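I opened this model to go through one sheet, the helices that accompany it and a pair of hairpins. My notes follow in the order in which I looked things up.

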Amino acid sequence: MGDQDSSIAAVATPPGCGGIGVLRVSGPAVPDIAAQLLGSVPKPRHAHFVTFREANGQAIDQGILLYFPAPYSYTGEDVVELHGHGSPLLMDLLLQRVCELGACLAQPGEFSARAFLNGKLDLPQAEAVADLIAAGSKAAAQAALRSLEGVFSQRVQQIQMALVTLRIQIEATLDFPEDDIDLLADPGLIQQHQALHESLQMLLSEAQHGVQLTTGLHVVITGRPNTGKSSLLNVLAASERAIVTAVPGTTRDVIEINLQLDGVSLTLADTAGLRDSDDPVEREGMRRTTQELARADLLLLVSDKAGIAEDERALAERMPDTECLSVLNKIDLDDMLPGRSVYAKQVRIALSVHTGAGLNVLRRELRQRAGAESVGEHTFSARTRHLQALQRAADAVLDAGQALREQRAAELAAEGLREAQQALGEITGEFTPDDLLGEIFSSFCIGK
Ligand SMILES: Nc1nc2c(ncn2[C@@H]2O[C@H](COP(=O)(O)OP(=O)(O)OP(=O)(O)O)[C@@H](O)[C@H]2O)c(=O)[nH]1
Ligand SMILES: [Mg+2]
C-alpha cells in the first residue's frame, strides 16, 4: 500500500493533448516543492499564476499552482496541483521537475488509497471515485455519485448497528446462563433478527442493481446460422458493424458494441451461429461463441419460425441458469404480427430486422432488463466484492436465526452475527486485509 512518508506525484489528466493538463502532488514534501516552484510560500486554496521552471531557471510552462494544506485535501495530506498546458511533453518535464524536488511517481490508485488511509473516504466511496470516472452511462454516473456521497456506506453502517445491538443482547445471555432459555425465547429478539435479515436482503438486491448499472448488462446474441443475429446487432448499433450475407456461417469472430438505451449502458456481442460443421474456421468461431456465452448476463436467442421452440429447448438445457430472451426474426416472410408474448415462462419477441417491425418492443425489453426503469433517486453503485460480502453476511445472519429459534444456542447465534459483522466490515474497509486493499486500489488508474 506504499509508504505514506513519501510524497507522490502523477499527471491526473488523461494522456494526450488538451487545453490544460493537471499534475497532482501529495505528501509531506509538498509545502517545500510548492514554495520552490512559486519562489515564495503559497497561499492555501489560492490560484497562483506561475512560470514553472527547471533547476537552472529555464522556463518549462506557465500555469496555475493550487495549494491545499492538510487535512483539507483529497488525500488528507498536503497537496499541490499544477495546472499547465495539456501537452504530454510539458507534463512529463513538469513531473520530472517535481520528482527532482523530492516527489516520487505515484502507483495506480495511490492518491485514493491515501485518502482512504487518512479517513477521508471509506472503501465504497474510494471505489465510487473509480466508478464515477469510468461510468459509461448517465444512470451509472449518478449511482456512483450517490455512493461517493456515502449512501451505500450509510446503509451498510445502519445494518452494522442493528447487528451490534442484537449481538450485545444475545451475548448478554452467555453471561447469565440460567436466564438463557427465557431471554432467547423473547419474541422481540426474534423480530429484531427478522428485521435485520430483511434489511440485508433488501440491501443485497439494491446492490445487485448497482453492480448491473456499474458494469452494464452484457448481452450475447446467439442462435443458429443465418437467423439474422448480425443483422440485429447492426440495426441496434445503427451501423454496419458485422458482415451480413445469405451464406450460413458468415460470422466467426465475436463482435462487441456498446449501446446506450435511455441512460443505461449495455454491451451487445454478436457470435458465430451454432451448428455441426467440419470447417476448422467455423469451429473456432463456435468455440469463441461458447466462451462468450459464459460471460453473458442475458442471452438473446435469435431464431426463425421453423426452429424457435427447438432452439429454446436446446438453450435452456445448455444454459439453465442464464436469463434468456427469445427473438423470432424474419416475421415479414410469414406476414406475422410483431410483439411480445410468453411461452412456457420464456419471453419471446417477434420482429423483423428488415422492416423494423417489433424492434422498439425489443429495445424496451432490453432497457428494462438493463435496469433503466428501476433507477431511482436512491440507486447507488456497487461492485461484485460488495455483493459477495453482503451474501456472506446474509447467510451468517440466517444461520444465527436458526441457532436462535431452533436450537436456542446463544453461542452459535452470537458467532453467526460476529461473522456477519466481519463481512460487512470488509465492505467499508474496517476489516479488509492489506492484500485485498492493494488489489482494489491497483485497479485504479495512475493519478487517481
Ligand atoms: N426476410 C428477412 N431476412 C432477414 C431478416 N434479417 C436478416 N435477414 C437475412 O438473413 C440472412 C442472414 O443474416 P445474418 O444477419 O448474416 O445472419 P446471422 O445469424 O448473423 O448468420 P451467421 O453469421 O451465419 O450465423 C441475410 O441474408 C439477411 O439479409 C429479416 O428480418 N427478414
Ligand atoms: Mg452473423
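I began at the hairpin of β8 and β9, which has two residues between the strands, and found that D262 takes a positive phi near 50° there. Helices (H or I, at least four residues) and strands (E, at least two) are taken here as DSSP runs numbered from the N terminus.

Before going further I noted that this is a predicted model, in which local features need pLDDT of at least 70, side-chain atom pairs count only at pLDDT 80 or more, and totals for chains, interfaces and linings use all residues. Residues are numbered from 1 along each chain as its sequence is written, chains are lettered from A and ligands numbered from 1 in the order in which they are written, and side-chain values use heavy atoms, with hydrogens and water left out.

**The sheet.** I then followed β8 to its partner: seven bridges join β8 to strand β9 (residues 264-270), and the two run antiparallel. Within this pairing I located N258 opposite T267, and L268 as the bridge partner of I257. The covered face of β8 holds I255, I257, L259 and L261, whereas E256, N258 and Q260 make up the uncovered one.

Tracing the pairing outward (two strands pair if DSSP finds at least two bridges between them), I arrived at an open sheet of seven strands in the order β8-β9-β7-β10-β11-β13-β12, with mixed pairing. Its edge strands are β8 (255-261) and β12 (339-343), each of which pairs on one side only. Neighbouring strands of this sheet are turned by 25° against each other on average, direction ignored.

**Helix α12.** Which strands does helix α12 lie across? I listed β7 (217-223), β8, β9, β10 (298-303), β11 (323-328), β12 and β13 (346-350), with the helix, residues 359-369, running at about 175° to β11. Such angles run from 0 to 180 degrees between N-to-C directions, and the axes are lines fitted to C-alpha atoms, for helices over the stretch in contact. In α12 I marked L359, V361, L362, E365, L366, R367 and R369 as buried, the term meaning under 20% relative accessible area, with exposed over 50% and partly exposed in between (1.4 Å probe, protein chains only). After α12 comes G371, whose phi is positive, near 95°.

**Residue L337.** Is L337, in the loop between β11 and β12, buried or exposed? I found L337 exposed, with a relative accessible area of 72%. Leaving aside neighbours within four places in sequence, L337 is in contact with I331 and A350, contact meaning heavy atoms within 4.5 Å.

**Helices α8 and α13.** The axes of helix α8 (residues 187-215) and helix α13 (residues 384-405) come within 10 Å and cross at roughly 160°. I therefore entered α8 as roughly antiparallel to α13, a label for angles over 145 degrees, with those under 35 roughly parallel, 65 to 115 roughly perpendicular and the rest oblique.

**The other hairpin.** Last, I turned to β3 and β4, which form a hairpin with five residues between them, and noted that G57 in the turn has a positive phi of about 95°. Strand β3 (residues 48-53) and strand β4 (residues 59-68) pair in the antiparallel sense over six bridges, and A59 is the bridge partner of R53. Along β3, H48, V50 and F52 point to one face and are buried, while F49, T51 and R53 point to the other and are not.
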